Amino acid sequence: MMLTLDAILICITFAGSHLIARAQWPNLPLLFAIAPYMLIMAATGIAMTAMIGLHRVRLIAFQMRSVAQSAAIAGSMAIFGAVMQMVPATPLTPLGNVIFAMSFLILSVATRQILLDVVTRAYRYGRKRQRILIYGAGRTGQQLAAALATDETVEPVCFVDDNPTVQSLTIYGLMVYSPVQLPDLIATQAIDRVVLAMPSVSQPELVRIERKVRDLGCEVQALPSFAELLENGGSTRNLSHRQLHGLMNRNRLEKELPGVSDTYQGQRILVTGAGGSIGSEICRQLLTCKPAALVLLDHSEFALYEIDKELTGLQSSIQITPVLGSVFHRPLLRHVLEYYKIDVVLHAAAYKHVPMVEANIVEGLCNNVMATRVLADEARRAGVGRFTLVSSDKAVRPTSVMGCTKRMAELIVQDFASRSQHTLFSMVRFGNVVNSSGSVVPLFQDQIAHGGPVTVTHPDVTRYFMTIPEAVRLVLLAGSIAKGGDVLVLDMGEPVKIDEMARHMIEGAGLSVKSDANPDGDIAITYTGLRPGEKLHEELLISRDMITTPHPKIMRAQEGRLSEIEMAQVIKDLTRVIEDHDIAAGLALLDRWIEGRGEISLAAGSGRD
């Protein structure tokens with residue numbers, strides 16, 4: 001269609017230009033004399049257009065580069081017309097060629113702009129577009145205006161900028177106003193949302209402007225620079241990596257840990273809890289190790305779908321198989337381990353939220369303890385080479401049911417390690433993982449985004465923190481250096497006071513803490529008291545006896561274990577607890593067998609399961 005349009009324009013402008021240059025009205029003899037040259041010029045113009053590919057440029061993408069290409073074609077045809085003037089008795093004139101080149105360029109660009117306007121209006125017809133005001137007429141604001149110029153659902157109305165040198169100018173067809181005029185603009189222009197396109201402005205200043213716009217009753221959204229969008233997804237509310245590491249009072253260790261590709265390369269690996277925070281990152285890092293096959297097991301259909309879709313998009317050469325089901329389902333595990341010929345099992349499936357397990361004690365025992373035994377038993381039966389359990393610092397002298405279930409899972413894995421001749425069983429123990437589901441950082445971020453208050457359980461509570469990549473690298477490393485029955489612990493530095501973390505996050509968002517000393521602050525911190533099963537301070541070791549490993553930041557803990565007879569009694573009692581759904585018996589079981597256990601309230605769990 002565009003080639004046809006250009007051919008028509010060439011014919012009309014060529015004939016008209018030479019008639020104008022000769023100051024003659026159209027007549028048949030003159031038109032017949034011009035016709036052969038007109039057809040030659042049309043063929044030449046179409047050939048040049050096709051060679052450059054200008055006819056394939058979409059209307060929405062026809063910008064300055066395409067205009068320059070149109071000008072080059074017009075100029076080239078003018079030169080070609082000058083060459084044709086050398087033919088004897090030609091009706092062409094130099095002035096006619098100049099008029100032709102200029103006319104064709106103007107009409108070619110204008111028709112495309114008109115067509116774009118027609119198409120855009122057709123798409124927008126009957127749709128209500130959101131009217132936005134762009135705060136900031138700098139590079140990011142201009143890029144946003146250009147991107148939204150032909151959008152079907154969003155309509156940029158105007159700019160607001162603090163810089164007086166750009167006020168009253170028109171940029172990308174939008175007038176630039178002063179911030180003083182913002183209230184009137186929101187009211188008179190029916191603005192639906194204000195977009196802050198000022199990524200270089202300090203966070204406190206950005207928060208001040210956000211609050212001012214919200215006070216005017218308008219939605220507001222902060223836009224990062226396009227470079228930041230490419231770098232980290234452009235999340236404006238999440239803490240940066242540097243801020244998170246500062247809160248943890250430690251440096252990232254995942255880059256210091258040795259590579260583990262050789263251990264997992266060419267292996268057939270099963271990851272349980274593959275859709276969770278830790279499990280999904282395990283899968284991502286395993287892809288870089290180039291395993292022969294990766295089997296993802298999770299009981300959450302949506303979580304399994306999401307991680308399967310992500311991994312399949314990242315890697316097509318590795319066999320990735322999603323398996324929907326529970327780790328407690330022995331027939332399913334047996335089929336998966338045998339059918340896919342699994343070499344390595346990474347067991348990350350568990351109920352981990354302390355209050356939730358506290359309120360559902362029997363289910364916690366079933367999923368965290370018995371399911372671990374079932375999986376370990378089937379892994380040994382199938383001749384799996386390595387089995388790694390993902391544990392928690394809450395397993396050390398636990399006061400919560402969740403911590404007790406994780407320690408009992410460790411005891412079960414230790415028991416299998418002592419009796420297994422082929423499978424190497426190991427455990428990894430670490431503290432809180434930043435930005436995992438249900439962790440304190442995203443909770444605080446959400447509370448700050450909604451204006452507070454930020455809830456802290458106790459002013460003196462402390463926790464160890466590590467990043468998800470660190471935690472996962474440790475899990476993979478444990479499988480590569482395990483000798484059987486190992487409990488590997490990462491040196492996590494000093495514990496972090498949660499109260500200080502909350503204050504740093506509030507200040508990092510450009511806000512101030514509201515308190516008796518600062519009644520005009522932005523966000524208050526309230527203390528809710530320790531929840532059932534929570535400890536004031538977490539630990540990583542039951543015993544202080546440690547053995548070094550090939551890496552100085554990783555320790556091998558010397559932990560006590562149960563005898564084979566004792567473990568048999570534990571499994572017998574545990575089976576009865578699950579079958580009878582006996583909460584009291586379950587708590588008694590934990591009280592009897594978990595060493596260093598703090599007091600667990602029977603009342604806290606009774607009647608809840």
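**A tour from strand to core**

Start by selecting V195 and Q221, where V195 stands opposite Q221, a residue of strand β6. What you have open is a predicted model, in which local features need pLDDT of at least 70 and side-chain atom pairs count only at pLDDT 80 or more, while totals for chains, interfaces and linings use all residues. Residues are numbered from 1 along each chain as its sequence is written, and side-chain values use heavy atoms, with hydrogens and water left out.

**The six-stranded sheet**

Widen the selection to the open sheet around this pair, whose 6 strands follow the order β3-β4-β2-β1-β5-β6 with mixed pairing. Strands here are DSSP runs of E with at least two residues, helices are runs of H or I with at least four, both numbered from the N terminus, and two strands pair if DSSP finds at least two bridges between them. At the edges lie β3 (170-171) and β6 (219-222), each of which pairs on one side only.

Next, colour β1 (residues 130-135) and β2 (residues 154-160), which pair in the parallel sense over 6 bridges; within this pairing I132 is opposite P156 of β2. Then show helix α5 (residues 139-148), which packs on the sheet and touches β1, β2, β3, β4 (174-177) and β5 (193-196), with its direction at about 155 degrees to that of β2. Such angles run from 0 to 180 degrees between N-to-C directions, along lines fitted to C-alpha atoms, for helices over the stretch in contact, and contact means heavy atoms within 4.5 Å.

Moving across the sheet, you will find β1 and β5 running parallel and joined by 4 bridges, with V194 in β5 as the bridge partner of L133. From β5 to β6 there are 4 bridges as well, and these two strands run parallel.

**The three-stranded sheet**

Now select the open sheet of 3 strands, ordered β14-β20-β19 and paired in parallel. Its edge strands are β14 (454-456) and β19 (513-514), each pairing on one side only. Between β14 and β20 (residues 523-527) the parallel pairing extends over 3 bridges, and V456 stands opposite Y527 of β20. Two helices can be added to this view: α17 (residues 440-449) packs on the sheet by touching β14 and β20, its direction making about 145 degrees with that of β14, while α19 (residues 498-508) touches β14, β19 and β20, its direction making about 165 degrees with that of β20.

**Aromatic pairs**

Switch to the rings of Phe, Tyr and Trp (its six-membered ring), which pair if their centres lie within 6.5 Å, and count as stacked with planes under 30 degrees apart, edge-to-face over 60, and tilted for the rest. By this rule there are 5 aromatic pairs. One of them joins F14 and F100, edge-to-face, with 5.4 Å from centre to centre and 85 degrees between the planes. Because F14 belongs to helix α1 (residues 2-21) and F100 to helix α4 (residues 94-124), the pair ties together parts that are 86 residues apart in sequence. F14 and F100 are both buried, a term that means under 20% relative accessible area, with exposed over 50% and partly exposed in between (1.4 Å probe, protein chains only). Adding F104 to the view completes a cluster in which ring pairs link F14, F100 and F104.

Stay on α4 and select G96, which lies in that helix and, at 0% relative accessibility, counts as buried. Apart from neighbours within four places in sequence, G96 is in contact with S17, H18 and A21; the C-alpha atoms of G96 and S17 are 5.0 Å apart, although the two residues are 79 apart in sequence.

**The nonpolar cores**

Finish with the largest nonpolar core, which has 58 residues, of which L270, I342, V345, F387 and M408 touch the most other members. Helix α15 (residues 361-381) contributes the most to this core, with 11 residues. A nonpolar core is a set of buried Ala, Val, Leu, Ile, Met, Phe, Trp, Tyr and Cys residues joined through side-chain atoms within 4.5 Å. Centre on M408, which, neighbours within four places in sequence aside, is in contact with V369, V570, L589, L590, W593 and I594. Apart from this core lies another, of 36 residues, including I269, A348, V475 and L477.

Zooming out, the chain has 22 helices and 22 strands, and buried residues make up 49% of its 609 residues.
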